[in-house]
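Here are some friendly notes to read alongside the model. I have kept them as numbered points so you can check each one on screen.

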Amino acid sequence: MTDPLTTTDDIETYLDATREARLESYKAFLRIPSVSGIPAHAEDCRAAAEWLADSMRTAGLEHVEVCETSGHPVVYADWLHADGAPTVIVYGHYDVQPVDPLDLWTSPPFEPVVVGNRMLARGAADDKGQVHLHVMAAAAVLATRGAFPVNLKYVFEGEEESSSVHLDGWLEANRDRLAADVAFISDSGFFDGNLPAITIGLRGMMYAQIDVVGTAVDLHSGQFGGAVQNPANALAQIIAALKGPDGRIHLPGFYDDVRTLTDADRADLAALPFDEDVYRTELGLAALVGEVGFTTLERRGARPTLDVNGIWGGFQGDGAKTIIPAHAHAKLSTRLVAKQNPTKIFEALRDYVAQVAPPGVTVTTTYIHGGEASLTPTDHPATQAAVRALRAVYGTEPVFIREGGSIPVTAAFDHVLGLPVVLLGFPQPNCNAHAPNEWLSEANFESGTRTIARFWDELAAMRR
Ligand code: BES
Ligand code: MN
Ligand code: MN
């Protein structure tokens, strides 16, 4: 049977002919060190936004604009000539995580190189690589067909890795311009073993800091030790009270709003081709741990967590220094699932920390940022269009997965703009996102570009 959709041969020819040029352009984008979380890189973030805007103009997209926010700019562009067809918001982020520890990179993080079949650089996968392949897919469609079968509105932000603090405001302020039928986010990835996957669940987040203060300056631990509270010990005591050895989090009310996994949810997760021993061995760990009564896939995708992200205080140098530190601190985050509310969880943490804090120190708990979890129905027509696009390009049946990570805007698309969200991204799960030697395979870069072009066809066809 012939394919009912427009032939993609013209696009194939174009993509084959532009392969080298697209790789060079990908590298140029990756060379800009757009680390959103480090203030010294603010100008680099702007440069990445400008670079992106230029390449979107070159691709033939319209109304290209570098939009100011109170933080790093949002890059907007659209193409709105498919009368009567659905309108899609395409989301990605051009900012990246910091690169430390630098000495573990085999080549400098902002000097992209192809090693074997992999593009190696910070942002190769998360998320500049994916933003870039969207722009390349747009260029390919417009160069070969002169038109898209759907209407597209691109929103590429620069603060995702620092929790999208200014994006909700920008979405609110641009509500009319952003009217759409569906949001398409390419900031997740495939499943273990490079299996094409659609992400249907992302966790939310509540990030906080605990500061424990004793005296104004460090004390001699011989002169004062035994008579005063040690802030570092006090902090350890507080942290130890937060979670039990069974993996259960002790904050009162923490689980109240957690949506219970149905038997069907659990069966779906259990059916995924996942080898726990391989997973553990690749991590180099002797054992996997987590909440009692749940599998590893449930623990990392569908159950909430609480983890210390950093802890410091007192003497850190070589040798020894005998002090009672004046203060101690911890950053901690909880990954949340539907229907937990970040504000409510923060209040539970703040109150519980105050309750378990030992006397003799001042303890403050501060909210840093938060976002809600999201869950997309697998039977939504747009999700099904993504299934067909993946099937067409990879020749296999994609799997539905729940990811433990968070993309703050996902819930906002849902709540602020009322849009269903399709999460489809192309890196492999071991792509070293946020870690040294981040990579994306050339194969996934190429097939991802084709999948996106195909997805627009499938979305347009969905109404027929
Ligand atoms: N792309 C990730 C989110 C992600 C990770 C999706 C793994 C699917 C699988 C995103 O860039 C990210 O790192 N998000 C942060 C959000 C935080 C800074 C609010 C995260 O999850 O830590
Ligand atoms: Mn990302
Ligand atoms: Mn990230």
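1. A definition to begin with: a polar contact is a pair of N or O atoms within 3.5 Å. Please bear in mind that the model is predicted. With that cut-off in hand, look at ligand 1, where a nitrogen atom sits 2.7 Å from a polar backbone atom of Ser406.

2. Staying with ligand 1, two side chains reach its oxygen atoms. Arg335 places a polar side-chain atom 2.7 Å from an oxygen atom of the ligand, and Asp126 has one 3.0 Å from an oxygen atom of ligand 1. In total 16 residues surround ligand 1, and those that come nearest are Glu160, Asp187, Arg335, Ser406 and His434.

3. Next, the manganese ion (ligand 2). Its protein donors are NE2 of His93, an OD atom of Asp126 and two OD entries from Asp187, at 1.9 to 2.6 Å. The angles among the six donor atoms run from 56 to 162 degrees, and the site is irregular. Along the sequence, the donor residues follow the spacing H-x32-D-x60-D. His93 belongs to strand E3 (residues 87–93), while Asp126 is in the loop between strand E5 (118–120) and H4, so this pair ties together parts that are 33 residues apart in sequence. Both His93 and Asp126 are buried.

4. Which residue bridges the manganese ion (ligand 3) and the manganese ion (ligand 2)? That residue is Asp126, and the two ions lie 3.5 Å apart. Asp126 is thus a good place to centre your view, as it coordinates both ions and also has a polar side-chain atom 3.0 Å from an oxygen atom of ligand 1.

5. On to the manganese ion (ligand 3). The protein supplies an OD atom of Asp126, two OE entries from Glu161 and NE2 of His434, lying 2.1 to 2.6 Å from the ion. Why is the arrangement irregular? Its six donor atoms subtend angles of 55 to 157 degrees, whereas six donors count as octahedral only if opposite donors are over 155 degrees apart and all others between 65 and 115. The donor residues are spaced D-x34-E-x272-H in sequence. Glu161 lies in the loop between strand E6 (151–157) and helix H5 (167–173), and His434 in the loop between strand E17 (421–423) and strand E18 (439–441), so the pair ties together parts that are 273 residues apart in sequence.

6. Are Glu161 and His434 buried or exposed? Glu161 counts as buried, at 17% relative accessibility. His434 has 39% and counts as partly exposed.

7. Do take a look at His134 as well, which is found in helix H4 (residues 128–145). Its relative accessible area is 1%, so His134 is buried. The side chain of His134 makes a polar contact of 2.9 Å with that of Ser186. Beyond neighbours within four places in sequence, the contacts of His134 include Val90, Tyr154, Phe156, Phe184, Ile452 and Trp456.

8. Finally, the cysteines. How many disulfides does the structure hold? The count is zero. For Cys45, the nearest cysteine sulfur is that of Cys67, 16 Å away. Cys45 is buried, with a relative accessible area of 0%. The sulfur of Cys431 is too far for a bond, because the closest cysteine sulfur, in Cys45, is 20 Å from it. Cys431 is buried too, at 8% relative accessible area.

How values were computed
Residues numbered from 1 in each chain as written. Chains lettered and ligands numbered in written order. Predicted model: local features only at pLDDT ≥ 70, side-chain atom pairs only at ≥ 80, totals over all residues. Heavy atoms only, no water. Donors = N, O, S within 2.8 Å, 3.2 Å for Na, K, Ca; no water. Tetrahedral: all angles 85-135°; square planar, octahedral: opposite > 155°, others 65-115°. Helix = DSSP H or I, 4+ residues; strand = E, 2+ residues; numbered from the N terminus. Buried < 20%, exposed > 50% of the residue type's maximum accessible area, 1.4 Å probe, protein only. Polar contact = N/O pair within 3.5 Å; in protein donor to acceptor, adjacent residues only side chain to side chain. Contact = heavy atoms within 4.5 Å. Disulfide = S-S within 2.5 Å. Near = heavy atom within 4 Å.
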